Amino acid sequence: MKVAFSTLGCRTNQNDTAEMQTLLENEGFTIVDANHPADIYVINSCTVTAKSDASSRQAVKRSLAINEDAMVVFTGCYAQNNPEEVRQISGLDVLLGNANKLEILAAIRRRLEHLQSRDVFGDPEVVMTDITKSWDFKTIPVTEFGGKSKAFIKVQTGCDESCTFCTVARARGRSISDERENILNNVRCSLDAGFKEITLTGINLGTYGMDKSPPETFSSLVEDIANLDGDFRLRISSINPMEIDDHLIDLMAERDNICPHFHIPLQSGDDTVLAGMKRNYDSGNYRTVVERAAERIDHLGLGADVIVGFPGETDAMYENTYRLVEELPFTYLHVFSYSPRQGTDAFRMKNDVPKAVKKERNRRLTELGRDKALAFRQRLEGHTLSVLVESSRDPATGRLRGHSENFIPVLIDEEDTLMNQIVPVHIQDVYGQQVSGCIL
């Protein structure tokens, strides 16, 4: 049978999808593209915004438009947080919780038996563990990541923070770390499969090991992975500022196989707003971590998430954020306008910021982010970067594309034989946001 996956949201979801694909492929199922006819469609949903919920519902409609008789499995954070709402989506057969994704094979088999024995579909089968309680978190080796050149390795899940705007902690449960040896084995399997870049993922990545007895540090895990044999590089996905210790910064500064790239969520540069968000740092803490990293690490790629228009955010508070972003060495920004999410503490907050004000604040900050990105890329002209060439060409230009170690997208004119290889690229031209280079 043919199975197609649609994955929305974060890199942890991408790892979850890869695990489910591996389980099904091992049992003889064939994985096809989400836009192709399939017998089973799996929607791995996201719920970080209302738009994410809508996109997840739309993925179901798109799938059934291709094959109206297909089975539809719906999983992910939207499914976990709002199972009753999700059950009302027309055409669903199986509803899987985040703690139950590795049970997908058994759930599909049960549903197939059910459909064969009945003339009507009936309600979807719901397989959903109470994620707020203890559950058996485990990961499995994955050797295929949907045609991607990078392997995503999940090292922990869940989050013990209580940010007032966030729905993800409720959807993923408490912070749980995978076993170190299992992580190292998963990395080895991905390296044996030919992946040249390993990206470590998690819901609150930097808290890896804090639930162990005795506690372990994320930086020590990074060191163990970097010490593995093989021609590869290691990248760290989004990590909160208070989980970045000096050891991690030193490793990134000193080790050639650890990408000089941090994505550190900021959310706001105003301390009153940060307190209202219940973030576990203030603007001074954030500045200290970023400046320490930028001082130690050459050509550091530095990204951040920023939310504008949080309830009660005044013009002066927003300007504090703008000023902090302006002063710190960011190389790209992800800017979001706040939208209320039912089930969060912020949903009940008053003093919502008018949409027009949010839009203008978003525009200004996005423009600042583009300017900083362009300035960083222009400084790299004439330098040589290590670029991992992706396994597909840029659709707009037909050129090979890839990302440098500091997360700069680069285009080159070369043959397909360089795909999935890390190659030295001399940066020749920066035009707008497009960076071009040539192989040395």
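Reader: How do the residues lining the largest cavity divide into nonpolar, polar and charged?

Author: The lining has three nonpolar residues, three polar ones and one charged. It is made of Asn 15, Thr 139, Ile 140, Val 142, Ile 153, Lys 154 and Asn 186. Ile 140, Val 142 and Ile 153 are called nonpolar because Ala, Val, Leu, Ile, Met, Phe, Trp, Tyr, Cys and Pro count as such, while Asp, Glu, Lys and Arg count as charged and the others, Gly among them, as polar. Lys 154 is therefore the charged member, and Asn 15, Thr 139 and Asn 186 are the polar ones.

The model is predicted: local features need pLDDT of at least 70 and side-chain atom pairs pLDDT 80 or more, whereas totals for chains, interfaces and linings use all residues. Residues are numbered from 1 along each chain as its sequence is written, and side-chain values use heavy atoms, without hydrogens and water.

Reader: What makes a space count as a cavity, and how many of 30 Å³ or more are there?

Author: The count is one, and about 30 Å³ of space lies in the largest cavity. On a 1 Å grid over the protein atoms alone, a cavity is a set of points where a 1.4 Å probe fits but cannot get out, and lining residues have an atom within 4 Å of a point. The volume is the space filled by probe spheres set on the points, which are joined across faces, edges and corners.

Reader: Where does Ile 153 have its bridge partner?

Author: Ile 153, one of the lining residues, has its bridge partner, Leu 200, in strand 10. Strand 7 and strand 10 (residues 197-201) run parallel and are joined by five bridges. They are therefore called paired, since DSSP must find at least two bridges between two strands. Strands (E, at least two residues) and helices (H or I, at least four) are DSSP runs numbered from the N terminus.

Reader: Which strands are the edge strands of the open sheet with the order 7-10-11?

Author: They are strand 7 (150-154) and strand 11 (233-236), because each pairs on one side only.

Reader: Why is strand 13 called mostly covered?

Author: In strand 13 (residues 301-308), eight of eight residues are buried, which means that each has under 20% relative accessible area (exposed is over 50%, partly exposed in between; 1.4 Å probe, protein chains only). Gly 301, Gly 303, Asp 305 and Ile 307 lie on one side, and Leu 302, Ala 304, Val 306 and Val 308 on the other.

Reader: How do you know that strand 13 pairs with strand 14?

Author: Strand 13 and strand 14 (residues 332-337) share six parallel bridges, so the requirement for pairing is met. Asp 305 is partnered by His 334, and Ile 307 by Phe 336. Strand 12 (residues 261-263) is joined to strand 13 by three bridges, also parallel, and Phe 262 stands opposite Leu 302.

Reader: What makes the unit of strand 13, helix 12 and strand 14 right-handed?

Author: With helix 12 (residues 315-327), these strands make a right-handed β-α-β unit. The word applies because, with the strands pointing away from the viewer, the path from the first strand over the helix to the second runs clockwise.

Reader: Why is Asn 82 called partly exposed?

Author: Asn 82 has a relative accessible area of 26%, so its value falls between the limits for buried and exposed. Asn 82 lies in the loop between helix 3 (77-81) and helix 4 (83-87).

Notes: On a 1 Å grid over the protein atoms alone, a cavity is a set of points where a 1.4 Å probe fits but cannot get out, and a pocket is an open set with protein on both sides within 12 Å along at least five of seven lines; lining residues have an atom within 4 Å of a point.
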